[in-house]
Every structure is written in C-alpha cells, then in structure tokens.
Amino acid sequence: MVDISFYVGVIGNVISLLMFLSPVSTFKRIVENRSTENFESVPYICTLLNSCLWTYYGIIKPELLVSTINGFGVFVEIIYVILFLIFAPRRMKMKTWILVGLLDVGFLTAAIIVPKLALQGTHQIDALGFICAGLNVVMYGSPLAAMKTVVTTKSVEYMPFLLSFFFFLNGAIWSLYAVLRQDIYLMVPNGIGCFLGVIQLVLYAIYRNAKPSKSDLSAKLIEEGSQQPNLISSPSNQPPKKDVKW
C-alpha cells in the first residue's frame, strides 16, 4: 500500500509546478516591454540555486518526488534568469551576472564538492540537507524586498498575488510532507515559507485597492537611484509582481 506521504508529495509537486510557472505573466510583460522595469533578479537566482541543490538532495537521499519537481524548477528558472539578462538595464544586468557567478556557479559547486570530499555516507546527506534548508529560507525570504516596496509605495504591482499565494501553498504542503517523512531539512524551511506566505497575503489584502501617491512613488525612485547594488539581500517558490520578483 502506498504511503500517504506519496499522495501529499504528488500534491506538493503540482503546487510547486504552479509556483514555478506563476511568474510567466511577469516575463511576458518583460519581453513585450523589452525591459525588466523595477523587477528584481534575486528571487529567480536564489530559486535556481535552491532547485539545483534540492534536485541533488533528492537524488542522493533518495527522494524521487523532491528531485523531479526541483529538476523542473531548474529548467524554468534558467529561462527566467536568461530573459532577465537579456532585457535588464546595464546596472541590473551586471548585478545579475555577479550573483549568478557567485551563487549559481561558485556556491553550488562548493556545496556539492566539499561535503563529497570531506564527509562520508549519511553525513554527506545531512550536510547537504542543512545547506538546502538554509537556502530554502533565503528563497522564501527573497520577496521581503518586494514586501518593503508594497509598504513604502502602497501598491502591490510588484508583488503579484499568484506568486504569493503559491508560495504559501507550497510551504504548507511540503511542511506536511516533511512531517510525514520525518525530514527536518524539509520541515523547517517550508514551515518558515508558509509563515512568510501568510504575511505576503495579508499585505496584499491591505494594499490591493490602495492607490500609491506620487510622492511615495517619487521617493521610491529616488531611493532606488541612489542605492548601490546590494549583493547580499535577496527566496520560491515570491515576488513582485511579481516576485519582486519569485
């Protein structure tokens, strides 16, 4: 008899699939306007790294349902990042290239090779699971920049509802799956993701009908124009409008 966790995992795969595809309308807008506007690349870069490591984790554990959906996520996020690199302005493009090199190439390589060389057996899985859990938290936290934008501009334009909604559902269902499978590395980050998803939905409910004032938008533009690229702040599943985003 198939374990109930299998059915929960299948539902989780469907929700994760919808989450990975939810930014499609954002990138359709980017392609049509030939500009990334105020969208951020960080959520997609973090999600790509996250998906790569969870795919590897699912292979060596093994966790088939984890590896398959994250493998699909790798494919989708690569497309998003490529489109961002094509249509982003020079400054954002440079920031994106640097982050891709540091995170999706450098960090990913180190996270796979170092445990393999330094640890044996289950310790490799534990080390990778710890890294994946930390990055999952980053992925789920990546829309925090978008949440700040929502509060300062009183507009949800750059924090689309669908991405926030699927972030919440994704965190909730994978938390349940983790409990059934007794996998702490899946449980902790997805529990945090569920909580952050709730906060995003609350913000959306508060500001969905609010009209940003010109002074709010002007102040935001001035602030963004004066900021230096932040290579640290960012996960994710979300992001403005999306994602800023997811």
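Me: Over residues 69-89, what percentage of the chain is helix?
Reply: Quick background: this is a predicted model, where local features need pLDDT of at least 70, side-chain atom pairs count only at pLDDT 80 or more, and totals for chains, interfaces and linings use all residues. Residues are numbered from 1 along each chain as its sequence is written, and side-chain values use heavy atoms, leaving out hydrogens and water. Helices are DSSP runs of H or I with at least four residues, and strands are E runs of at least two, numbered from the N terminus. In residues 69-89 the end C-alpha atoms sit 32 Å apart, strand is 0%, and helix is 90%.

Me: Which helix gives the most to the largest nonpolar core?
Reply: A nonpolar core is a set of buried Ala, Val, Leu, Ile, Met, Phe, Trp, Tyr and Cys residues joined through side-chain atoms within 4.5 Å, and buried means under 20% relative accessible area with a 1.4 Å probe, protein chains only. This one has 48 residues, and Leu-53, Val-81, Phe-84 and Tyr-177 touch the most other members. Several helices supply at least two residues each, including α1 (4-21) and α9 (184-207). The top giver, with 11 residues, is α3.

Me: Which residues is Val-81 in contact with, leaving aside its neighbours within four places in sequence?
Reply: Contact here means heavy atoms within 4.5 Å. We've already met Val-81 among the core members that touch the most others. Skipping those sequence neighbours, its partners are Tyr-44, Ile-45, Leu-48, Thr-96 and Val-100.

How values were computed:
Buried < 20%, exposed > 50% of the residue type's maximum accessible area, 1.4 Å probe, protein only.
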